[in-house]
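This report goes through one protein chain, beginning with a pocket and ending with backbone geometry. Please keep the structure open while reading.

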Amino acid sequence: MILAVVLALVLALWPWVTRHEDPPEPAPPGHVLDDYPRGSAIDWQDWGAQARETAAREGRGLFVYFHGQWCTWCRQYQDETLEHPDTVAAIERDFVPVLVNLDKRRDLFSRLGGRGLPFTVLMDAGGEPLGRFTGHVAAADLQGLLREAATLVTTAGAVPEGLEDLLDADPAAFLAFLDETYDPGTRRLSGASVIGTLSKRPQPMTYRLLLQEPDWSARIPAMLDVLREDLYDPVDGGFFFFFDPDNPNPDTAVETSKVLGLNALLTWLFADAYAVLGREADADAVRGALAYLETTLWDPARGVFRNSQYSDPGYYSLPPAQREGRTPPPVEKVQFADVSGQAIVALVHAARALNEPGYLEWAAEALAGLDRYLGHADGGYYHFRPDDGPPQLEGYLPAQVWPAAAWWTYYEATGDEQAASRGAQLLARIAAHRVEGLDGFAERLDADLEPWTESRTHGALAWLLTGPARPARVPEDVLPDGRRAQWMQDALGRLELISGGDPDDMALGVLAYRRWAVAGSGE
């Protein structure tokens, strides 16, 4: 009965979670965005034992809200819905409000089933999920949901995830699924499938897989052109976060934030596309994206990448000449290990494809910055570090896998023995995440969260083991053949595409699966 009530509530709200608003007015010169929750009427708490203990003691639920400072829809959800006086009263009466930065707690976001922003999870007094939804919900609708959910707060028993596994690591089934989602009219992976229309977010690693598929050779050039036209900013450079082809309003169809991780993966994609197809348009996209990273998200004084540039639809809707004289959106000055590793991998691929040794020098500088600011005493990495504080969140698997990929990719390109040594240390740190009962690698080593696995991280690990850290590159005394085989079995066994998932959750792993099945060789 509880499940039926909550699912009915969420389904009733579904039309609201994807609705579109008119874009904000252009920001005046000198505009700086306030970091939420500055000025909030809600008494936000941090995620942790104290918030959960308060909820249990007072018989209130947990209202857990994940946001990103760079996210357009988060700011509108905050301004129009969360800060509405009646919403504030409803939250404070029946829930302990918990605010979580997605990027800083990406582990918790994935553990609670997050797929996009804004993301809200309602929990009972014991901290078990009652329901969750993604998107900007109108104030009156959220208030109604809160009233109904409040009646379930003290009821025992959690609502199950309700997500069904659809695909495992079978490459043929995965490619058949992609073929089903291909829309020849728009030349996008956006058609209907067994899980509905795919996410609006781009799928750069899926495109990398298809770039190497002969059956897709006639499709992929136009798909790349559409992807570039959808997301590339020809004025300031860099790639926007996503494009919604179903949104008729051109000013709101683009989520104008520019995040490091997506820019890194798209740069990597277009570098490989240039290597395969030899088209100058792809090379120009690589050069333009890296020029954007260098001028906007790179801190040369520290030798580190910043995480994101905030969205600002008003600024980006201006004609190019009118952008001059206006202050660009601010940059979030936080360094993250996983996406920094992805950016370094992209630099090495760009250096190789475009024959630009300067990109390799930049990669070396970024690797040094990773060690200097995020290095842990155990040889691994913390997840993130703000400018004004110490590194934080140890024991996060992507913060080991992607820097390992960066070090081994750099070693592959240069033969630098120090890079191989650091790569070996990181393989040892990854080994600490293998949990027998999971038959895989724990996404986070933390007593506060039960161990769990993530398909996307296992896919990246499988790609690492068959690509830059393949047997020909890594000595057996660093990663014995038996252990490697067990890791591959674990990694490939955890690949799955679930309802609401993204093909990129599996793409790297499927690529690795094919190579491992043939000979275990890399790129």
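## The second largest pocket

Strand β2 provides three residues to the lining of the second largest pocket, the largest share of it. The model is a predicted one. Besides β2 (95–101), the elements that give two or more residues to this lining are β14 and β16 (384–386). The second largest pocket holds about 790 Å³ of space.

In total, 30 residues line the second largest pocket. Those nearest its centre are Asp35, Gln69, Asn101, Lys104 and Val334.

## Strand β2 and its partner β1

Is β2 enclosed or open to the outside? Seven of its seven residues are buried, so β2 is largely enclosed by the rest of the structure. In a regular strand, side chains alternate between the two faces of the sheet. In β2, Phe95, Pro97, Leu99 and Asn101 point one way, while Val96, Val98 and Val100 point the other way. Residues of both sets are buried. Asn101 thus appears twice in this account: it belongs to the first set, and it is among the residues nearest the centre of the second largest pocket.

Strand β1 (residues 61–67) pairs with β2 in the parallel sense, over seven bridges. Within this pairing, Tyr65 stands opposite Leu99 of β2.

## The β3–β4 hairpin

Strand β3 (residues 119–123) and β4 run antiparallel and are joined by five bridges. Phe119 of this pair stands opposite Thr134 in β4. Five residues lie between the two strands of the hairpin, and Gly127 there takes a positive phi near 85°. Strand β4 (residues 129–134) is mostly covered, with five of its six residues buried.

Ahead of this hairpin, the peptide bond from Leu117 to Pro118 is cis, with omega near -15°. Pro118 is found in the loop between α5 (106–111) and β3.

## A three-stranded open sheet

Strands β10, β13 and β14 make up an open sheet with the order β10-β13-β14 and antiparallel pairing. β10 (258–259) and β14 (331–332) stand at the edges with a single partner strand each, so one side of each is left without a neighbour in the sheet. Edge strand β14 also gives two or more residues to the lining of the second largest pocket.

Two bridges hold the antiparallel pairing of β10 with strand β13 (residues 308–309). Here Val259 stands opposite Ser308 in β13.

## Backbone geometry in the loops

Most residues other than glycine have a negative phi, and most peptide bonds are trans. A cis bond joins Tyr36 and Pro37, with omega of about 20°. Pro37 is found in the loop between α1 (2–17) and α2 (49–58).

Which residues other than glycine have a positive phi? Arg187 has a positive phi of about 55°, and Asn355 has a positive phi near 55°. Arg187 lies in the loop between β6 (182–183) and β7 (188–189), and Asn355 in the loop between α14 (337–354) and α15 (357–374). With a relative accessibility of 39%, Arg187 counts as partly exposed. Asn355, at 66%, counts as exposed.

## A buried glutamine in α3

Gln76 has its place in helix α3 (residues 72–82). Its relative accessible area is 9%, and Gln76 is buried; the cut-off for buried is under 20%. Gln76 and Val137 are 61 residues apart in sequence, while their C-alpha atoms are 9.8 Å apart in space.

## The chain as a whole

The protein chain has 20 helices and 19 strands. Of its 523 residues, 58% are buried. The chain exposes about 20500 Å², of which carbon and sulfur atoms supply 50%. Among contacts between residues at least 6 apart in sequence, 71% join residues at least 24 apart.

## Confidence

The chain averages a pLDDT of 87, and 88% of the residues score at least 70. Two of the stretches with pLDDT under 50 are described here. Over residues 1–33 pLDDT stays under 50, and the model has 64 contacts beyond four places in sequence for them. Residues 156–165 also stay under 50, with 20 such contacts. Helix α1 (2–17) falls in the range 1–33.

Technical notes: Residues are numbered from 1 along each chain as its sequence is written. This is a predicted model: local features need pLDDT of at least 70, side-chain atom pairs count only at pLDDT 80 or more; totals for chains, interfaces and linings use all residues. Side-chain values use heavy atoms; hydrogens and water are left out. Helices (H or I, at least four residues) and strands (E, at least two) are DSSP runs, numbered from the N terminus. Buried means under 20% relative accessible area, exposed over 50%, partly exposed in between (1.4 Å probe, protein chains only). Contact means heavy atoms within 4.5 Å. Accessible areas come from the Shrake-Rupley method with a 1.4 Å probe; for residues, only the protein chains shown count as cover. Two strands pair if DSSP finds at least two bridges between them. pLDDT is the predictor's confidence in each residue, from 0 to 100. On a 1 Å grid over the protein atoms alone, a cavity is a set of points where a 1.4 Å probe fits but cannot get out, and a pocket is an open set with protein on both sides within 12 Å along at least five of seven lines; lining residues have an atom within 4 Å of a point. Grid points are joined across faces, edges and corners, and a volume is the space filled by probe spheres set on the points.
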